[in-house]
Every structure is written in structure tokens, then in C-alpha cells.
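Q: I have a model open and some bench time to fill. Can you walk me through it, piece by piece?

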Amino acid sequence: MNICLTLLALSSVEGLPQDWSQFRGPAQGVSAEKTLPTTWSATQNVVWKTALPGPGTSSPIVVGDKIYLTAYSGFNVPGAPGDMNALKRHLVCLERKSGKLLWTKDVEAKLPEQPKIRDEHGYASSTPASDGKRIYCFFGKSGAKAFDLTGKELWTADVGDALNGWGSAASPLLFENTVIINASVESQSLVALDVATGKEAWRTRGIKESWNTPVLAKTKEGATELLVAILGKILGLDPKTGKELWSCETNIPWYMVPTAVVADGVSYWIGGRSGGALAVRLGGRGDVTATHRLWIAEKNSNVPSPLYHDGHLYFASDSQGIAFCAEAATGKIVYQERLGRGDQVYASPILAEGKIYYVGRGGRTYVVAASPTFQLLATNELGDRSLFHAAPVTADGRLLIRSNTHLYCVDER
């Protein structure tokens, strides 16, 4: 089964087929784009470079002829502590072709906010999602919000007001007529909101220590399940009601940040700071640890999500700058290779045309062959000394790479 086609069939996005309108795009980090660049620098193959109104770790999304992303300003901007009362979030719209900044929508913060966010994650970490009609954003304690494509605010929903030193990061997920928000930080809940009104459709409680963006997945029998990792468990839920269908022990004693990937009715999970990975077959009921957990392993990534390609999992260590390849069937490590100079990797990688793009926090992008034999194809820098936390995005055969200060469009044609 082709994972790209499977996940595209699951997508509820109504934008153009080439749109990248949610976290990890239409196929969980796998792009169908052709002629993407392999090499670039600050002076080579940069089509445009647009200054942003503030930092952020959220990825851009592409909807029609526009690019949307979130940012923040006024408080705890790297190098400028500022005043909490000046904190604002921004929804930013750029022209897809030229990168021209078209408009910025300011969003007032609900105070008090977290006085400091660790590792400079900031206050704009959740990637927006779009159904081609609206843009859905999540700003933690300040709520989930919907905007029309011109930036007009349509509704706001309060999903909780608790705070955490790591901030809040899970991204909205669209399913049918709902947008699903992982409000583990704010209320230990998973909340489904009506896309037209923001009214709560259902709420599942007990979502503890859950930093990952939930995913939709098809079982072998064709049913759709909503998957999320919490403290010590993977949960399979009914996306129409939030009702728990099954749970599986992870043997991972702490939080999990990376978002899962799914192929052929199996979900693959990479653990958090305390290590570990596992594979769980979908479609079970009750506690499926003994029946549906296919393997557990030790290697992990604390922050970036994995990729699935041709029977293998690819992921990078967030702190050591090491790229891993593992057999999806067994979890056995095929290779572990240092990307270079010990760069940390927070951004989730993407895969296109047989190439994997790992963006390091320091601004280097490592291009690696999507093969069980390690091959570093290129190491690229943009000369931007700010932080790079956002996953890259593809559009029109180009790469979009976001730093704390700029959005870059790269194309070597």
C-alpha cells in the first residue's frame, strides 16, 4: 500500500492537491513535489527571503496562492526580554509566488502567560491548519481560533488555562466538520470543536503529558482511528466521539513529543526524553499491549517526528545531531550516523524525491538519501544566525524554510 495515497485519502483538507495545509502536510512529512533543490546558500538558489514580525517554531502552511504562519512579539523574544503586557501573537499571510508580506493579524494574549519558555520555544509553536475555507490556530491559554482567508477572526474557543515551562506546541488536526486540539497542557484534554462555530463537539479527558499532534489513521478494515500518545500509553480513539477504543503500554516512563507515522495499519512511535520507540497495530479493543504491540526499541528522538519510507523509519536525535534508519517491521537500527558538527535538530524532517531534509537548530539543512545505506548528499547554510525550529515545507518544486527572523524560499532551477 502506498503511504502517500493512504494518508491523502484520510485528509479532510479541501484546498488544492499541492497545498501543504497542516502540520507535516497531506502525507505526514512525505511530499510528492519534484525538482526540489539539493544545494543552496545565503547567496545561491534563494528565490526570496521575507522578514517576519517575530519568532516562532510553527511551520508555514500553503493554501491556494497564499502562505500562512504564526509568530509572536513583545515578550521573551530572543535577545529582547520585553514586557509580558506587550505579548502578542500574529497570524501572517504572504504571497505564495513572491513571498510578499500581505497582512498580519495581531492576537492579544490572555494574561498572565508562562513567564519563560524553555529552550526558546516561544509562544507560537503550533502550526496552523486549513480546510481551504478557514485558518485554524492554537495559542495555548489564549485559545483556539478560526480566521477566514483574509485574516478576519471568526471565533475563539477556550480549551483551558494551565501553563507549562515548555510552552504549548501540538497543532490543530481537521476531521470532517471538527478541528481537534490537543490541550494536554491547558486542561489535560483532547477537544473537538465545530469548524464553523468553535462550539465543543466532544472532550476526552486524562490526556496527560501529551505534547504530540494527534494523527488520523486507517485500520486494515478501513475504519478511521484518532491516535495520540499520553504518559505511558498510546490511545486509539473514535474521531467522531473521542471515545477510547484501545490503549497500549509504551514502556516509556515520561512524555512523548514526536508525532506518529502510520503505514499498512501499523502506527510507529518515537519516544521522548526518557527514550524508546514502538510499533502498534491498529484496530484493537481494550488493552492491546499483549496482542497489537509489535515491537519496542531503545533509540529515540525527543523532539522531531519520524518519516516512513519503503519499509524503513527515518529520524534524527534532537540533541546529538545523529540520523537513524530503522526497519519498520522490527525496530532494528540499520544505521546511525552523525549529520555533522553536532547540530541539534528540533524540526521534523520531510522527504521528497528520494531525499530527506533535516533542518538543524543552527540553520544548517542536511540532505540525506532516503535509503537504508547512509549517504549525506549536501549540507546547506543560509547565513541566518537565529534559531530554526520549524519543519520545512514544499510548494511548486521549492522549499520553504522558516527561521526565527525570516521565511526563505529555495529553488535551484
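Q: Where is Glu353?
A: Glu353 sits in the loop between strand E30 (350-352) and strand E31 (355-359). Strands (E, at least two residues) and helices (H or I, at least four) are DSSP runs, numbered from the N terminus.

Q: Before we go on, what kind of model is this?
A: This is a predicted model: local features need pLDDT of at least 70, side-chain atom pairs count only at pLDDT 80 or more, and totals for chains, interfaces and linings use all residues. Residues are numbered from 1 along each chain as its sequence is written, and side-chain values use heavy atoms, with hydrogens and water left out.

Q: Back to Glu353. Buried or exposed?
A: In between. Glu353 counts as partly exposed, at 40% relative accessibility. Buried means under 20% relative accessible area, exposed means over 50%, and partly exposed is in between (1.4 Å probe, protein chains only).

Q: What does Glu353 touch?
A: Glu33, Lys34, Thr35 and Leu36, leaving out residues up to four places away in sequence. Contact means heavy atoms within 4.5 Å. Separately, the C-alpha atoms of Glu353 and Ala370 are 8.6 Å apart, with their positions 17 residues apart in sequence.

Q: Now Ala391. Which loop is it in?
A: Ala391 is in the loop between strand E33 (376-380) and E34. Ala391 is buried, with a relative accessible area of 9%.

Q: What are its contacts?
A: Ala391 touches Ser59, Pro60, Ala347 and Ser348, again not counting residues up to four places away in sequence. There is also a long-range pair: Ala391 and Thr127 are 264 residues apart in sequence, yet 9.6 Å apart in space, C-alpha to C-alpha.

Q: Zooming out, how many helices and strands are there?
A: Three helices and 36 strands in the protein chain. The radius of gyration is 19 Å, close to the 22 Å that the globule rule gives for 413 residues, so the chain is as compact as a globular protein of that length. That radius is taken over C-alpha atoms, and the rule is 2.2 Å times the number of residues to the power 0.38.

Q: What about its span and its burial?
A: The C-alpha trace spans about 50 × 50 × 40 Å along its principal axes. Of the 413 residues, 61% are buried. Take contacts between residues at least 6 apart in sequence: 54% of them join residues at least 24 apart.

Q: How many disulfides?
A: Zero. A disulfide is a pair of cysteine sulfur atoms within 2.5 Å.

Q: Why is Cys93 not in a bond?
A: Its closest cysteine sulfur, in Cys137, is 12 Å away, too far for a bond. Cys93 is buried, at 0% relative accessibility. Cys137 is buried too, with a relative accessible area of 2%.

Q: How many cavities are there?
A: Four of 30 Å³ or more. On a 1 Å grid over the protein atoms alone, a cavity is a set of points where a 1.4 Å probe fits but cannot get out; a pocket is an open set with protein on both sides within 12 Å along at least five of seven lines; and lining residues have an atom within 4 Å of a point.

Q: What about the largest cavity?
A: It holds about 550 Å³ of space. Grid points are joined across faces, edges and corners, and a volume is the space filled by probe spheres set on the points. The lining has 31 residues, with Ala169, Trp211, Val257, Val303 and Tyr346 nearest the centre.

Q: And the largest pocket, what volume?
A: About 230 Å³. It is lined by 15 residues; Asn300, Ser317, Asp318, Ser319 and Gln320 are the closest to its centre.

Q: Now backbone oddities. Which peptide bond is cis?
A: The one from Leu111 to Pro112, with omega near 0°. Pro112 lies in the loop between strand E8 (101-108) and strand E9 (129-130).

Q: What is phi at Asn76?
A: Positive, about 55°, although Asn76 is not a glycine. Asn76 lies in strand E5 (residues 75-77) and is partly exposed at 23% relative accessible area.

Q: And phi at Asp396?
A: Near 60°, a positive value in a residue other than glycine. Asp396 is in the loop between strand E34 (393-395) and strand E35 (398-402), and is partly exposed, with a relative accessible area of 35%.
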